[in-house]
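Let's go through the labels on this one and check what each of them rests on. Have the viewer open and ask away.

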Protein chains: 2
Amino acid sequence: MKIELGWLLMATSTVENYLKAVLRQEEATGSTTVGEVAKELAVTPGTVTTMMKHLDEEKLVDYQPRKSLSLTLEGRSAALKVVRRHRLIELFLVQIMGLDWSEVHEEAEILEHVISDRLLDRIDVMLGEPTHDPHGDPIPDRDGNLAQVEATPLDEAEGGNYRIVRVSDDDSDLLGWLDENGLTIGEEFALAHPNRAAGVLEISRSTGAKVQLGVQAAGQVFVEAISA
Amino acid sequence: MKIELGWLLMATSTVENYLKAVLRQEEATGSTTVGEVAKELAVTPGTVTTMMKHLDEEKLVDYQPRKSLSLTLEGRSAALKVVRRHRLIELFLVQIMGLDWSEVHEEAEILEHVISDRLLDRIDVMLGEPTHDPHGDPIPDRDGNLAQVEATPLDEAEGGNYRIVRVSDDDSDLLGWLDENGLTIGEEFALAHPNRAAGVLEISRSTGAKVQLGVQAAGQVFVEAISA
DNA sequence: AACAATATCTTGATCAGTCAAGATAAAATG
DNA sequence: CATTTTATCTTGACTGATCAAGATATTGTT
């Protein structure tokens, strides 16, 4: 007879990645499933099943096979800590180290799991306890409070004047392209007649420059309406 | 019948640590053995045997079971890259991030394996392509050239005037203590009559302060004689 | 040289994380 | 509701890194 010892070891970076994935999807859609997590982590569903059983034991998620899957308070808090690390690191890499906003995501994805609390603290202080990362994502505070960024995906916006408040951070090519076209956080522009049939949006910047971008890309850019 | 496929995957951080260990011992004593490596990495000899067979296949070490063990040129170069990373990171953590020289070793031990070449480059430039880390260890240059630091272990020094040029970086407590007593890199002092029987050395700093330290600790501090 | 001590090597096992592929349950469709 | 599709779960296997413990070689001693 085999005795199930369960897990004795600590939350490795693997665990942190699972928690992050669940959090991300809960934030995006209000809930998640084994399949979604598997897709996000590029792993088979069976692997996620196994992992969720472990995380349930550790009380990091609440997992009822085939029924429901969600973070516990503890799990959410752990996930938010990782997100905080990730975003502080991204901002650090851009502001202090002078890296480009299109290349910091990968690096932060690794560093978020290994940097000491002490170093993270230095970073936080050095940056002046910032509230948003280079892509406009809010940085959870020390207590795990996460500000909401309310913004419209550009592909759903009507014609009018807007300011860019956030851009999805995981498409490095898009970020590079946006940068080349002056479309960074805080940039303001006018959106012309949304001709959805063509799948192309046209933007006019204050410099007069016009930029076209596809709905696909526009879906990654989040804006808020401005009066001017 | 089982076909031996060998290793298909890349040099993980584990491999880097083995290479570093071999390098360190070759530098310290001119050669190394399975047992020494095992001791340094806190691993059983059998584990080292297995690893060395793999590294031999990868042409990173030259391993003749029970006969000899040494780095190949390629292995040495790989090891020096890791050392370069380690020392640049240590200096970065002290100079830019304001961490204490007694607490950067652990952090660098992890970061050395995960930081991108790009980020390392920024660090190198930001620090002005430095030649020595906070503990006085030389930083290998981009091409893997490693300057020699010639210095005497303090426990072998005669009475006279000396300057501290290097301190072993792996004893955090000692580093903390040295710092508290003003004994940092570049500090000059007079060493009094080495009374070896008692196992204690006495140092007089320019401030007039006298400090005693044991031979054990003194062995970790490396000095060069000065005229004054 | 013969024996003891030490260093090294081999073998079988374990652990975390994963996949493949088949089993099962739930949801959607007619 | 019966059937098909889809989602999920289970099982057995594999990989890299490791250890324990026994086997073997090398070295040192008398």
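Q: What share of the atoms of DNA strand C within 4 Å of the protein belongs to sugar or phosphate, and what share to bases?
A: Sugar or phosphate takes 75% of those atoms, and bases take the rest. Before going on, note that this is a predicted model, where local features need pLDDT of at least 70, side-chain atom pairs count only at pLDDT 80 or more, and totals for chains, interfaces and linings use all residues. Residues are numbered from 1 along each chain as its sequence is written, chains are lettered from A and ligands numbered from 1 in the order in which they are written, and side-chain values use heavy atoms, with hydrogens and water left out.

Q: What makes a residue count as surrounding DNA strand C, and which are closest?
A: A residue is near a strand if one of its heavy atoms lies within 4 Å of it. For DNA strand C, 18 residues surround it, and the closest are A:Thr12, A:Thr47, A:Arg66, B:Tyr63 and B:Arg66.

Q: Why is the approach of A:Tyr18 to DNA strand C called a polar contact?
A: A polar contact is a pair of N or O atoms within 3.5 Å (within protein, one must be able to donate a hydrogen and the other to accept it, and residues adjacent in sequence count only if both atoms are side-chain atoms). An N or O atom in the side chain of A:Tyr18 is 3.0 Å from a phosphate oxygen of DNA strand C, so the pair fits the definition. Polar backbone atoms do this too: one of B:Gly35 is 2.9 Å from a phosphate oxygen of DNA strand C, and one of B:Arg66 is 2.6 Å from a phosphate oxygen of that strand.

Q: Which helix gives the most to the surface near DNA strand C?
A: H3(B) does, with 3 residues. Helices here are DSSP runs (H or I, at least four residues), numbered from the N terminus.

Q: How do the residues of that surface near DNA strand C divide by type?
A: There are 7 nonpolar, 8 polar and 3 charged. Ala, Val, Leu, Ile, Met, Phe, Trp, Tyr, Cys and Pro count as nonpolar, Asp, Glu, Lys and Arg as charged, and the others, Gly among them, as polar.

Q: What about DNA strand D: which residues come nearest?
A: Of 19 residues around DNA strand D, the nearest are A:Tyr63, A:Arg66, B:Thr12, B:Thr47 and B:Arg66. Sugar and phosphate account for 74% of the atoms of DNA strand D within 4 Å of the protein. The side chain of B:Thr12 has an N or O atom 2.8 Å from a phosphate oxygen of DNA strand D, and that of A:Lys53 has one 3.1 Å from a phosphate oxygen of DNA strand D. H3(A) gives the most to the surface near this strand, with 3 residues.

Q: How do you know that chain A and chain B have the relation of a two-fold axis?
A: Copies are superposed by least squares on the C-alpha atoms of residues with pLDDT of at least 70 in both. A rotation of 180° with 0.0 Å of shift along its axis puts chain B on chain A, at RMSD 0.0 Å, and that is why the relation is that of a two-fold axis. In chain B, the C-alpha nearest the axis is that of B:Leu111, 4.0 Å from it.

Q: Why can we say the copies meet through the same surface?
A: Because 100% of the interface residues of chain B are also interface residues in chain A.

Terms used: Helices (H or I, at least four residues) and strands (E, at least two) are DSSP runs, numbered from the N terminus. Contact means heavy atoms within 4.5 Å.
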